[in-house]
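Let's go through a few labels on this model and ask what earns them.

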Amino acid sequence: GHYGRGLGLIRAEEQPAELSMVAVEFDSMTHNQVDELVELPRVVARCLPETKVNMIDALHRRKRIVAMTGDGVNDAPALKTADVGIAMGKNGSEVTKQAADIVLKNDDFASIVVAVEEGRRIFTNIKKFIVHLLTSNIATVVLLVVGLCVRDATNHAVFPMSPLQTLTVNTLIIAIPAIGLAAEPVSADIMEQPPSGGRRGVFALDVLLDIGVY
């Protein structure tokens, strides 16, 4: 509990006894007993390899996305079980590096936060880019198709825009702003947002709704 408070894992108003546990005690609990806990322990002392795997399994049963860091051979099973396994590049063993999804070259945990923030920025900007491009292009196509359905006095189809105008719209009005959207800086609250989930693609419901509204 003392180390947990020192690292900021346990706040001053919280009881360390409720949020810290010895590995032997945690491993002796059944799945049902672990699942009945209001909150999983934030600090587990004297962890064995199976302790880490049990903790990851417990988090998965709570529908959590888990990232695991490790440097020793005994961390390899947990790195494989986690959604994202991160091995230390300088001091990590070769077995750990092979089991991991990401190898942290500088062994600095702060790099993980920076990488997550940059990944979220890129994913968010890709969605903005797609919403802008699809919205603009769908509007242009609808306008041209509607024009084909309209006839003038000579019974010829009406073209609202010439080919040169269409090309100009696509180049100046659609493409250039889209490039700006793709290069937008990270928003201030991006790290406060929950994970989107590994199976959620770019064309999620919110993107489709934005395209329809715009």
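Q: How do you know that the span of helix 9 agrees with its 20 residues?
A: The expected span is 1.5 Å times one less than the number of residues, so helix 9 (residues 163-182) should cover 28 Å, and its end C-alpha atoms sit 27 Å apart, which agrees. Helices here are DSSP runs of H or I with at least four residues, strands are E runs of at least two, and both are numbered from the N terminus. Mind that this is a predicted model, where local features need pLDDT of at least 70, side-chain atom pairs count only at pLDDT 80 or more, and totals for chains, interfaces and linings use all residues. Residues are numbered from 1 along each chain as its sequence is written, and side-chain values use heavy atoms, leaving out hydrogens and water.

Q: What makes strand 4 largely enclosed?
A: Buried means under 20% relative accessible area, exposed over 50% and partly exposed in between, with a 1.4 Å probe and protein chains only. Four of the five residues of strand 4 (residues 84-88) are buried, so the rest of the structure largely encloses it.

Q: Why do we say that strand 3 and strand 4 pair?
A: Pairing takes at least two DSSP bridges between two strands. Strand 3 (residues 67-70) and strand 4 have four, in the parallel sense, and M68 stands opposite G85.

Q: What about strand 4 and strand 5?
A: Three bridges join strand 4 to strand 5 (residues 102-104), and these run parallel. Here I86 stands opposite I102.
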